[in-house]
Amino acid sequence: MRIDEKVKEIIEGIGGLSFEFNDWSRSNYTLSKTVLPACLYILPVSGTLLNKNGRLRDRPNAMIAFLDLAELDFDGTTNEPTVERMKGFAKRFIAAVNRSGWFRQVPENIPYSVVYDKLSDNVTGVVLNLELEELTGDCIANL
């Protein structure tokens, strides 16, 4: 199973979010057709292949956004509850990744950024930046 499929299954298990796997540009177009709140797994632009003990494991540098509608011309006071709600989804995602058995445990420090006015639709939320390292990977002898 591909990493994006694993992420989608984890998000579906959390519930309450639609899921999209795309780059920022294409998501800018498709997000308007997506039911919000949504998890947007940004197509990784880099990562690492780990070659150890006869297995190749993928470790993409993942950006995973949790987004919902924001009021037009919002201020910090009205926007903060949405940011905190999306941060709650991010925390549930991290916990689910750690329970999944597909990836190494998420490290202690997980950088995130708050996003707003990044896309054409008026959305806000948080973006996690983390490495999702496969536990099993592919057997080199079978490749």
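Here are four short exercises on this predicted model, each with a worked solution.

**Exercise 1. Find out whether the length of α1 fits its number of residues.**

Step 1: Count what you have: α1 holds 12 residues.
Step 2: The expected span is 1.5 Å times one less than the number of residues, so for α1 you should get 16 Å.
Step 3: Now check the model, where the end C-alpha atoms of α1 are 17 Å apart, which agrees.
Step 4: Take a look at what comes next: Gly15 follows α1, and its phi is positive, near 80 degrees.

**Exercise 2. Work out how the buried residues of α1 are arranged around its axis.**

Step 1: List them: Ile3, Asp4, Lys6, Val7, Ile10, Ile11 and Ile14 are buried.
Step 2: Recall a handy rule: an α-helix has 3.6 residues a turn, so residues three or four places apart point the same way.
Step 3: Look down the axis of α1. The buried residues fall within an arc of 160 degrees, so they line one face of the helix.
Step 4: Flip to the face turned away from that buried side, and you'll meet the exposed residues Glu12 and Gly13.

**Exercise 3. Describe the largest nonpolar core and say which elements supply it.**

Step 1: Start with the members. This core has 25 residues, and those touching the most other members are Val7, Ile11, Ile64, Phe66, Phe93 and Leu132.
Step 2: Sort by element: α1, β2, β4, α3 and β6 each supply at least two residues.
Step 3: Pick out the top supplier, α3, which gives the largest share with 8 residues.
Step 4: Zoom in on Leu132. Skipping its neighbours within four places in sequence, its contacts include Ile3 and Val7, along with Ile64, Val97 and Phe103.
Step 5: Don't stop there, since a second, separate core has 10 residues, among them Trp24, Leu40, Leu67 and Val115.

**Exercise 4. Classify the aromatic pair of Phe66 and Phe93, and say what it ties together.**

Step 1: Know what to look for: a pair of aromatic rings is described by the distance of the centres and the angle of the planes.
Step 2: Read off the values for Phe66 and Phe93: 5.8 Å centre to centre and 55 degrees between the planes.
Step 3: Planes under 30 degrees apart count as stacked and over 60 as edge-to-face, so this pair is tilted.
Step 4: Place the rings. Phe66 sits in strand β4 and Phe93 in helix α3, so the pair ties together parts that are 27 residues apart in sequence.
Step 5: Check the burial: Phe66 has a relative accessible area of 0%, and Phe93 is buried with 0% as well.

Key:
Residues numbered from 1 in each chain as written. Predicted model: local features only at pLDDT ≥ 70, side-chain atom pairs only at ≥ 80, totals over all residues. Heavy atoms only, no water. Core = buried A, V, L, I, M, F, W, Y, C linked by side-chain atoms within 4.5 Å. Buried < 20%, exposed > 50% of the residue type's maximum accessible area, 1.4 Å probe, protein only. Helix = DSSP H or I, 4+ residues; strand = E, 2+ residues; numbered from the N terminus. Contact = heavy atoms within 4.5 Å. Arc of directions from axis to C-beta. Phe/Tyr/Trp six-rings, centres within 6.5 Å; stacked < 30°, edge-to-face > 60°.
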